[in-house]
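Work through the exercises below with the model open beside you. Try each task before reading its solution.

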Amino acid sequence: MQGIRLTDGANGTFSRVDILYDDQWGTVCGDEEWDLVDARVVCHQLGFHNATKSYKNASIQGSQFYSMNNVQCHGNETSISSCRHERFQRGNCPVEAGVSCQENALINSLMLRVNTGDGLQGIRLADGLSNSSGRVEVLIDGEWGAVCEDYYGDWNLVDARVVCRQLGYNTAIAAPKQAFFGEGYGPVLIKDVQCTGKEASLSSCRQDATVYCQHHYVVGVACGGKDRSLEAKSKQGLTFFVCHDY
């Protein structure tokens with residue numbers, strides 16, 4: 001499976017679940033196995049906070065190319081493709097699966113238009129006290145995950161400033177750690193970050209992938225001062241664009 005999306009929803013939070021397979025968009029069958037546990041995996045994979053409902057008949061005619069049948073998730077999967085399911089089949093489902101996702105109103109994210117070459121494709125703040133604070137999450141190879149420091153790690157304002165500048169803020173005012181903003185969902189993707197403060201991206205900072213790090217050590221930031229020049233650059237269609245709060 002190459003991708004996933006929600007389509008034909010009234011506001012993007014309820015609709016049919018589509019999957020990308022063999023460069024063709026198809027659907028997920030809303031059979032007897034499809035339930036709220038499966039819906040939560042889909043919503044988490046798409047970056048939503050949670051799922052509020054699953055639909056076994058989205059009442060929207062989908063693709064004629066491929067379908068994904070008999071999906072059975074445990075709930076801890078980071079992708080629907082990791083859930084138990086039958087092989088992809090040609091032809092559309094007679095009854096298609098849908099979800100209703102709950103947005104996190106305090107997610108503020110910056111997504112890169114192009115792959116940076118090191119796999120990092122995006123960065124965001126989640127579950128913060130405002131749109132300028134939260135748990136640091138990164139998008140690598142299509143998967144959102146956390147940034148973590150082990151018990152002896154030194155996540156500090158220098159590291160936080162790199163994140164805040166990357167998101168378009170002028171500076172960082174705090175660098176909380178030990179899951180101050182919650183442990184979140186998904187894997188730990190970046191460990192033991194050591195920035196000099198001159199980096200333009202968190203991925204350019206020194207990292208140690210061998211460090212043993214669990215979710216109760218994920219880190220966060222609190223940023224200050226929005227950089228309007230960065231917003232202007234985004235409007236000119238350069239490398240990045242800013243996705244404002246939902």
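The exercises cover two nonpolar cores, three disulfides and one glycine.

This is a predicted model, in which local features need pLDDT of at least 70, side-chain atom pairs count only at pLDDT 80 or more, and totals for chains, interfaces and linings use all residues. Residues are numbered from 1 along each chain as its sequence is written, and side-chain values use heavy atoms, with hydrogens and water left out.

**Exercise 1. The largest nonpolar core**

Task: Find which residues of the largest nonpolar core touch the most other members, and state which element supplies its largest share.

Solution:
- Step 1. Fix the term. A nonpolar core is a set of buried Ala, Val, Leu, Ile, Met, Phe, Trp, Tyr and Cys residues joined through side-chain atoms within 4.5 Å. Buried means under 20% relative accessible area, exposed over 50%, and partly exposed in between (1.4 Å probe, protein chains only).
- Step 2. Pick out the hubs. The largest core has 23 residues, and Val136, Val147, Trp155, Val163, Val193, Leu202 and Val221 touch the most other members.
- Step 3. Map the core onto elements. At least two residues each come from strand E9 (120–126), strand E10 (133–140), helix H2 (157–166), strand E12 (169–174) and E14. Helices (H or I, at least four residues) and strands (E, at least two) are DSSP runs, numbered from the N terminus.
- Step 4. Name the main supplier. H2 gives the largest share, 4 residues.
- Step 5. Look for another core. A second, separate one has 21 residues, including Leu6, Ala51, Phe88 and Cys101.
- Step 6. Place this in context. In soluble globular proteins, nonpolar side chains tend to be buried together.

**Exercise 2. Two residues of E14**

Task: List what Val221 contacts, then do so for Gly224.

Solution:
- Step 1. Set the cut-off. Contact means heavy atoms within 4.5 Å.
- Step 2. Take Val221, leaving aside neighbours within four places in sequence. Its partners include Leu125, Val136, Trp155, Ala160, Val163, Cys164, Ala174 and Phe181. Ser132, Ser133, Gly134 and Pro176 are also in contact with Val221.
- Step 3. Take Gly224, in strand E14 (residues 220–226). With neighbours within four places again left out, Gly224 contacts Tyr169, Asn170 and Thr171.
- Step 4. Check burial. Gly224 counts as buried because its relative accessibility is 17%.
- Step 5. Add a distance. The C-alpha atoms of Gly224 and Gly168 are 9.7 Å apart, with the two positions 56 residues apart along the chain.

**Exercise 3. Disulfide handedness**

Task: Is the link of Cys43 and Cys101 left-handed or right-handed? Decide likewise for Cys73 and Cys83, and for Cys195 and Cys205.

Solution:
- Step 1. Count. The structure holds 5 disulfides, a disulfide being a pair of cysteine sulfur atoms within 2.5 Å.
- Step 2. Start with Cys43 and Cys101, joined at an S to S distance of 2.0 Å. The angle about the S-S bond is -80°, and the link is left-handed. This pair ties helix H1 (residues 36–45) to strand E7 (residues 98–102), 58 residues apart. Cys43 is buried at 0% relative accessible area, and Cys101 is buried at 6%.
- Step 3. Turn to Cys73 and Cys83, with sulfur atoms 2.0 Å apart. Their torsion is about 100°, so this disulfide is right-handed. Both Cys73 and Cys83 lie in the loop between strand E5 (66–68) and strand E6 (89–90), 10 residues apart. Cys73 and Cys83 are buried.
- Step 4. Finish with Cys195 and Cys205, whose sulfur atoms are 2.0 Å apart. A torsion of about 100° makes this disulfide right-handed. Both cysteines sit in the loop between strand E13 (188–191) and E14. Cys195 is buried at 13%, and Cys205 is buried at 4%.
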